[in-house]
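Open the model in your viewer and keep the selection tool at hand. The tour goes stop by stop.

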Amino acid sequence: MQTVKNILKYILTIGVIFLLSTYLHYDNSATFAHILTFLSVTTGFTITALSIIATSNFSKELYKKEAPDDNSKSLLHQLVAKFEKSTLTFATAIILILIYSLIEPANIKEWTFFSTSISFKTILSGLIWYLTFLSIWLFLDLLKMFSKFVIQSAKSQ
């Protein structure tokens, strides 16, 4: 069942990126500089929050507690995995924005089908927008989780 969910998730992801690259594509690459700033701030927050968690006594308690959905991992493992996934998503989006800025002046082959055009630049732009929306979602999730961590950490002191 988990394999089917993963396959559906990947198909949906590719479909959304395709839509953002073709039918929903607007040349709004000027906003990538602002997105780059946001992603840099969120990356800094994520690394700082992870270092705060790593040095707290509450992280030892999380390590002792078994994760409810995977008994081979602790709650600390799940928490660190969320931070790792977020940081990798932010870094990937930053790298793609930098690549996009390098190829911006270049004109790369464009294909047209069903009155819609697609090129490497539009696919890259769609991927950047997808990762931007995903980054915002992950950042808000991390912020919510970190606030719960702070409250639980204060309770244990």
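**Stop 1: a residue to start from.** Select Leu98. Its relative accessible area is 43%, so Leu98 is partly exposed. Leu98 belongs to helix 4. Now add Ala33 to the selection. Leu98 and Ala33 are 65 residues apart in sequence, yet 9.5 Å apart in space, C-alpha to C-alpha.

**Stop 2: the whole chain.** Zoom out. This is a predicted model. The protein holds 5 helices and 2 strands. Follow the ribbon from the N terminus and the elements come in the order α-α-α-α-β-β-α. Of the 157 residues in the protein, 33% are buried. Take the contacts with a separation of 6 or more: 72% of them are between residues 24 or more positions apart.

**Stop 3: confidence.** Colour by pLDDT. The average for the protein is 80, and 83% of the residues score at least 70. Where should you look for the lowest and the highest confidence? Select strand 1, residues 110-113: confidence is lowest there, with a mean of 63. Then select helix 2, residues 32-54, where confidence is highest, at 89. Where pLDDT is low, do not read the predicted coordinates in detail.

**Stop 4: helix 2.** Stay on helix 2. Put a distance between its end C-alpha atoms: they are 32 Å apart. This agrees with expectation, because 23 residues at 1.5 Å a residue should span 33 Å. Next, show the side chains of the buried residues of helix 2. They are Phe32, Ile35, Leu39, Thr42, Thr43, Thr46, Ala49 and Ile53.

**Stop 5: helix 4.** Select residues 75-103, which make up helix 4. Helix 4 has 29 residues. From first C-alpha to last, helix 4 reaches 42 Å, close to the 42 Å expected at 1.5 Å a residue. Which residues of helix 4 are buried? Show Leu76, Leu79, Phe83, Ser86, Thr89, Phe90, Ala93, Ile94, Leu96, Ile97, Tyr100 and Ile103: these are the buried ones.

Now pick Ala91, also in helix 4. With a relative accessible area of 30%, Ala91 is partly exposed. Add Ser40. The C-alpha atoms of Ala91 and Ser40 are separated by 8.4 Å, although the two residues are 51 apart along the chain.

**Stop 6: the largest pocket.** Switch on a surface. The largest pocket has a volume of about 530 Å³. Its lining has 18 residues, and those closest to the pocket centre are Leu75, Gln78, Leu79, Lys82 and Met145. Select these five to find the place. Helix 3 (58-64), helix 4 and helix 5 (120-156) each supply at least two lining residues. What kinds of residue form the lining of the largest pocket? Colour by type: 7 are nonpolar, 3 polar and 8 charged.

**Stop 7: the second largest pocket.** The volume here is about 330 Å³. Select Lys9, Tyr10, Leu12, Thr13, Ile14, Val16, Lys85, Tyr130, Leu134, Trp137 and Leu138, which line the second largest pocket. Helix 1 (2-21) and helix 5 are the elements that give two or more residues to this lining. Helix 1 provides the largest share, 6 residues. By type, the lining of the second largest pocket divides into 8 nonpolar, 1 polar and 2 charged residues.

**Stop 8: two exposed lysines.** Select Lys64 in helix 3. Its relative accessible area is 71%, so Lys64 counts as exposed. Add Ser74. Lys64 and Ser74 are 10 residues apart in sequence and 6.6 Å apart in space, C-alpha to C-alpha.

Move to Lys155, in helix 5. Is Lys155 buried or exposed? Lys155 is exposed, because its relative accessible area is 60% and the cut-off for exposed is over 50%. Finish by adding Phe58. The C-alpha atoms of Lys155 and Phe58 are separated by 9.5 Å, with their positions 97 residues apart along the chain.

Technical notes:
Residues numbered from 1 in each chain as written. Heavy atoms only, no water. 1 Å grid on protein atoms, 1.4 Å probe; cavity = no way out; pocket = protein on both sides within 12 Å on 5 of 7 lines; lining within 4 Å. Points joined across faces, edges and corners; volume = space filled by probe spheres on them. Helix = DSSP H or I, 4+ residues; strand = E, 2+ residues; numbered from the N terminus. Nonpolar A, V, L, I, M, F, W, Y, C, P; charged D, E, K, R; others polar. pLDDT = per-residue confidence, 0-100. Expected span 1.5 Å × (residues − 1). Buried < 20%, exposed > 50% of the residue type's maximum accessible area, 1.4 Å probe, protein only. Contact = heavy atoms within 4.5 Å.
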